[in-house]
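Here's a quick briefing on the model below. Have a look at the fold first, then work through the notes by topic.

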Amino acid sequence: MTPTTAAPAGSALTTRDEAADAIGAAIRAAAVHYGSGDPRLDDASFDLPLSLIQAYEERYPARTGAAPPTG
């Protein structure tokens, strides 16, 4: 298991590009985690991008559109 994240722990997403990168990382991690059953991330590293994305959506609702990724 190699812990990797879209952003360092404790950092906030502030731009659309950062959010898009975090969303991409979360999608790739979920595909590996749920697809192959061979998780390459520990639970905390898997959950971090999702929590950063959710915080971004709450902070910038106008940037997330009608169908936010965590919705």
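How many helices and strands does the secondary structure of the protein chain come to? The count is 3 helices and 0 strands, where helices (H or I, at least four residues) and strands (E, at least two) are DSSP runs numbered from the N terminus. Along the sequence that reads as α-α-α.

Some ground rules before the details. This is a predicted model, so local features need pLDDT of at least 70 and side-chain atom pairs count only at pLDDT 80 or more, while totals for chains, interfaces and linings use all residues. Residues are numbered from 1 along each chain as its sequence is written, and side-chain values use heavy atoms, with hydrogens and water left out.

**Confidence**

- The protein chain averages a pLDDT (the predictor's confidence in each residue, from 0 to 100) of 79, and 86% of the residues score at least 70.
- Residues 1-7 have a pLDDT below 50, yet this stretch has 21 contacts in the model beyond near neighbours in sequence; a contact means heavy atoms within 4.5 Å.
- Where pLDDT is low, the predicted coordinates should not be read in detail.
- Among the elements, helix 2 has the highest mean pLDDT, at 88, and helix 3 the lowest, at 85.

**Whole-chain numbers**

- Of the 71 residues, 25% count as buried, with buried meaning under 20% relative accessible area, exposed over 50%, and partly exposed in between (1.4 Å probe, protein chains only).
- The accessible surface comes to about 4600 Å², and 55% of that belongs to carbon and sulfur atoms; areas come from the Shrake-Rupley method with a 1.4 Å probe, and for residues only the protein chains shown count as cover.
- Take the contacts with a separation of 6 or more: residues 24 or more positions apart account for 60% of them.

**Aromatic pairs**

- A search of the whole structure turns up 2 aromatic pairs. Rings of Phe, Tyr and Trp (its six-membered ring) pair if their centres lie within 6.5 Å; planes under 30 degrees apart count as stacked, over 60 as edge-to-face and the rest as tilted.
- Tyr-34 and Phe-46 make an edge-to-face pair, because their planes sit at 75°, with ring centres 6.0 Å apart.
- That pair links distant parts of the chain, with Tyr-34 in helix 1 (residues 16-35) and Phe-46 in helix 2, 12 residues apart.
- Burial splits the two partners: Tyr-34 is exposed, with a relative accessible area of 61%, whereas Phe-46 is buried at 11%.
- Tyr-56 and Tyr-60 form a tilted pair, 5.1 Å centre to centre with 50° between the planes.
- Tyr-56 is buried, with a relative accessible area of 5%.

**Around Tyr-60**

- Tyr-60 lies in the loop between helix 2 (43-59) and helix 3 (61-64).
- Leaving aside neighbours within four places in sequence, Tyr-60 is in contact with Leu-13 and Thr-14.
- Tyr-60 and Arg-16 are 44 residues apart along the chain, and their C-alpha atoms are separated by 9.7 Å.
- The charged end of Arg-63 sits over the Tyr-60 ring, 3.9 Å from its centre; a charge counts as over a ring if NZ of Lys or CZ of Arg is within 6 Å of the ring centre and within 35 degrees of the ring normal.

**Thr-64 in helix 3**

- Thr-64 lies in helix 3 and is buried, with a relative accessible area of 18%.
- Not counting residues up to four places away in sequence, Thr-64 touches Tyr-56 and Glu-57.
- The Thr-64 side chain reaches the backbone oxygen of Pro-61 at 2.9 Å.
- Thr-64 and Ala-19 are 45 residues apart in sequence and 9.5 Å apart in space, C-alpha to C-alpha.

**Buried residues in helices 1 and 2**

- Ala-22 is found in helix 1 and is buried, with a relative accessible area of 0%.
- From Ala-22 to Leu-50, 28 residues apart in sequence, the C-alpha to C-alpha distance is 7.7 Å.
- Leu-52 lies in helix 2 and is buried at a relative accessible area of 9%.
- The C-alpha atoms of Leu-52 and Glu-18 are separated by 9.8 Å, with their positions 34 residues apart along the chain.

How values were computed. Polar contact = N/O pair within 3.5 Å; in protein donor to acceptor, adjacent residues only side chain to side chain.
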